Amino acid sequence: MIKNKDELLQVRKEAQEQVAAYDCRILVCSGTGCIATGSAKIYDEFVKLTKDTPGVVLDFAPHDEGEHEHVGVKKTGCQGFCELGPLVRIQKGDEVIQYVKVQIADCQEIFESTVLKNEVVDRLLYSKKDVHYKHPEDIPFMAKQTRIVLENCGRVDAESLDEYIAAGGFEALTKAMFDMTRADVIDEVDRSGLRGRGGGGFPCGRKWKQVARQPEKVRYVVCNGDEGDPGAFMDGSVMEGDPFKLIEGMMIAGYAVESTDGYIYVRAEYPMSVARLRHAIAQLEERGLLGDNILGTDFCFHLHINRGAGAFVCGEGSALTASIEGNRGMPRVKPPRTVEKGLWEKPTVLNNVETYANVPKIILQGADWYRTIGTEGSPGTKTFSLTGSIENTGLIEVPMGSTLREIIFDIGGGLKDGAEFKAVQIGGPSGGCLTEKHLDEPLDFDSVKKFNAIVGSGGMVVMDTNTCMVEVARFFMSFTQRESCGKCVPCREGTKRMLEILEKIVAGKGELEDLDRLEELANMIRTMALCGLGKSAPLPVISTLNTFRDEYVEHIVDHKCRAKVCKAMRRFVINPEYCKGCGKCAKNCPVGAITGVRKECYHIDPKLCIKCEACKDNCAFDAVYIEE
Amino acid sequence: MLDQSYYRKTDEIIEHYGRKAGSLIPIMQDIQAEYRYLPGELLTYVAKEIGITEAKAYSVATFYENFSFEAKGKYVIKVCDGTACHVRKSMPVLEALWKELGLSKKKHTTDDMMFTVETVSCLGACGLAPTMMVNEDVHPSMTPEKALALIEELRGKG
């Protein structure tokens, strides 16, 4: 039990001594990505190797003076470079070596060479253009990032409270509780200019202020971990990689607005986030850092976890609180706003995972320091998940105001396999596409809005010329249509009609008037839908129509999909050089579109062809191809 | 008619979360985790026990995509069709699974109750797209061939 501030300081001192006593720490990335590529087995293997090696001990008491090597095997949060997983770092003092794509068979060699001696296994280092990068911070992907929220990810054991405390954990909370008044805390957050990282960008301090001045004394602190945007995994990475930091941020919010209960709403698809958070809460309760009379003061705070059940709309504030209450997760008309009547009709601070994770550092280092990072209107950093057709996929954190060029080309390493850049989709189904001409624009909450997109939660999907923008618009519309909760007519009916039109265009049956209809519907939904998700649902269509209108026209007028994605637009042709005139394709064609004379080249009638590929799949001579 | 043991298990779950309206969703989640679906009889029972109308319980259960009134297969395969997976060609993976298992957009579970195939909007492992999840395990960088090999492996396990 940690009963007061002095005891916490004592625990930190011991925890730091313990961490420093390791001769070597093996840090195995245990984010969702690396677990999927097998890092759990790598962890087990290192534990086994450590236990089986004479003269090496895994668990030891602090101040252990024995004549043996102290080796720690730790599970860390996302080290970032997901595509090159499983990732393993070997840390000795300040020196950290990063290995990539580590397989079970490599563990022994790493252990014998790097852990026991100081030899580097070159073939497991990240290399690019014949340069081997030894330290994680040297890799261009990492070198250009600024990690505040993800600071601990990859450095500390994500499951150990002691390691978090050793890394300075709960220093911010004690500073808030013992050296600052509640009003000071809110003021500091307000002055920092921290804005909601879930996508809206609402000033966090203003929200806290509004809650603090409500006459109602029962208040709640709620964390939105319902990261529903497809292509986004930043919040999941924070919850599983540094759960204590998120919790500390929520506790500071709880202290500031005099709340005694907090709720974390985690989406159903993140079982590991739920497990890590539960584990973290259990440790904190056991040590007395969560519960009644925290650190011997009258501050009481209890934390609960609610799992989502597969409804995207629950990422909207009022839908989320409805879901925690056990209702259908549907948004309601505002005002009253969540800060006045939120969870169970009580004043509620509702912020996103990344927003809370920013708070401890702001309290500790101050608003002025925070404002030195990022832009005037959007201070701080932003995490992005960089995916799609890009060389380095993974989790990144950059200062607000970084340009797309820095993110995609410097950090992301450019497009995959040297493909040609076409667009980057940001903000998920509520966002839009940015293109070549936006590459040098600084990215922050306000600038991106001007281009009919939003920073959103931070999903960033890079697309090359093999992507059809009409199909992308259809993809997002089918997502929002499916996820529309059905409460308001503009979203429920409007997204359905928009989807129908897009499906028609993709199927080659569009008319030019459809584009006007799309725009009309889009503007109607944008102005009239009930909630933010509905209002932003047409954005992917609006932004692609603005930037890639010629592609829409091509689909409609020329029946051509330049990316060769839309099946209905493809034209199947038989190559006379390869065709032996066997007639198999004509026999297989379900609509009789292929005719010809035996031993001569057959012919496909494009008007009859339904693009089923039966001819192409079954041709023994690969004579059927799709026309360029 | 459900066996008495179903009700005993449900009682345990209700006790754990408390007899209040707000417990409905976690109770349903645990029942579904136990039986891989939400038996209608149990939902009626839960509604009565926690003091809400049956209509309310059904309105909530049908709202969320995760609740299923139909039994699911032993292996629930969720093919990710999030943006990152979509642009890295997740649909051919889904189509290959459908073809192999005789499933479709409308039919999700094989008759032998071994496999359920669904799509999901994002598993959060976008760096390894396209991905899919079998029960709680995420499988990275899928191709139609890898998916079919995995089915073979699971069939072997029984």
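Where is Pro336(A) found? Pro336(A) sits in the loop between α13 and β11 of chain A, where helices (H or I, at least four residues) and strands (E, at least two) are DSSP runs numbered from the N terminus.

This is a predicted model, in which local features need pLDDT of at least 70, side-chain atom pairs count only at pLDDT 80 or more, and totals for chains, interfaces and linings use all residues. Residues are numbered from 1 along each chain as its sequence is written, while chains are lettered from A and ligands numbered from 1 in the order in which they are written.

**Backbone of chain A**

Most residues other than glycine have a negative phi, and most peptide bonds are trans. The table lists exceptions in chain A.

| Item | Value | Place |
|---|---|---|
| Lys334(A) to Pro335(A), cis | omega near -5° | Pro335(A): loop between α13 (317-324) and β11 (348-352) |
| Pro335(A) to Pro336(A), cis | omega near 0° | Pro336(A): loop between α13 and β11 |
| Asn452(A), positive phi | phi near 55° | loop between α17 (445-449) and β16 (459-464) |
| Glu613(A), positive phi | phi about 75° | loop between β19 (603-604) and α25 (614-618) |

A residue is buried if 20 or more other C-beta atoms lie within 10 Å of its own, exposed if 12 or fewer, and partly exposed in between, with C-beta atoms placed from the backbone. Asn452(A) has 19 other C-beta atoms within 10 Å and is partly exposed. Glu613(A), with 13 C-beta neighbours inside 10 Å, is also partly exposed.

**A helix and a sheet in chain A**

Helix α4 of chain A covers residues 104-116, 13 residues in total. From first C-alpha to last, α4(A) reaches 18 Å, close to the expected 18 Å; the expected span is 1.5 Å times one less than the number of residues. At Ile110(A), α4(A) bends by about 40°, the bend being the angle between axes fitted to the seven residues ending there and the seven starting there. Ile110(A) is also buried, as are Cys107(A), Phe111(A), Thr114(A) and Val115(A) of this helix. The buried residues of α4(A) pack against β1 (24-29), α3 (39-52), β3 (69-76), β4 (88-92) and β5 (95-99) of chain A.

Elsewhere in chain A, five strands make an open sheet of mixed pairing, ordered β13-β12-β16-β14-β15; two strands pair if DSSP finds at least two bridges between them. The edges are β13 (394-399) and β15 (432-435) of chain A, each with a single partner strand, so one side of each has no neighbour in the sheet. Strand β12 (residues 381-388) of chain A runs antiparallel to β13(A) and is joined to it by six bridges. Opposite Thr381(A) stands Pro399(A) in β13(A).

**Chain B and its contact with chain A**

Chain B has seven helices and four strands, in the order α-α-α-α-β-α-α-β-β-β-α along the sequence. Its C-alpha atoms fill a box of roughly 50 × 30 × 25 Å along the principal axes. Of its 158 residues, 40% count as buried.

The contact takes 42 residues from chain A and 33 residues from chain B; two residues are in contact if their C-beta atoms, placed from the backbone, lie within 7 Å. On the side of chain B that touches chain A, α2 (24-35), α4 (54-63), α5 (83-87) and β4 (137-139) of chain B each supply at least two residues. The largest share of that side, four residues, comes from α5(B).
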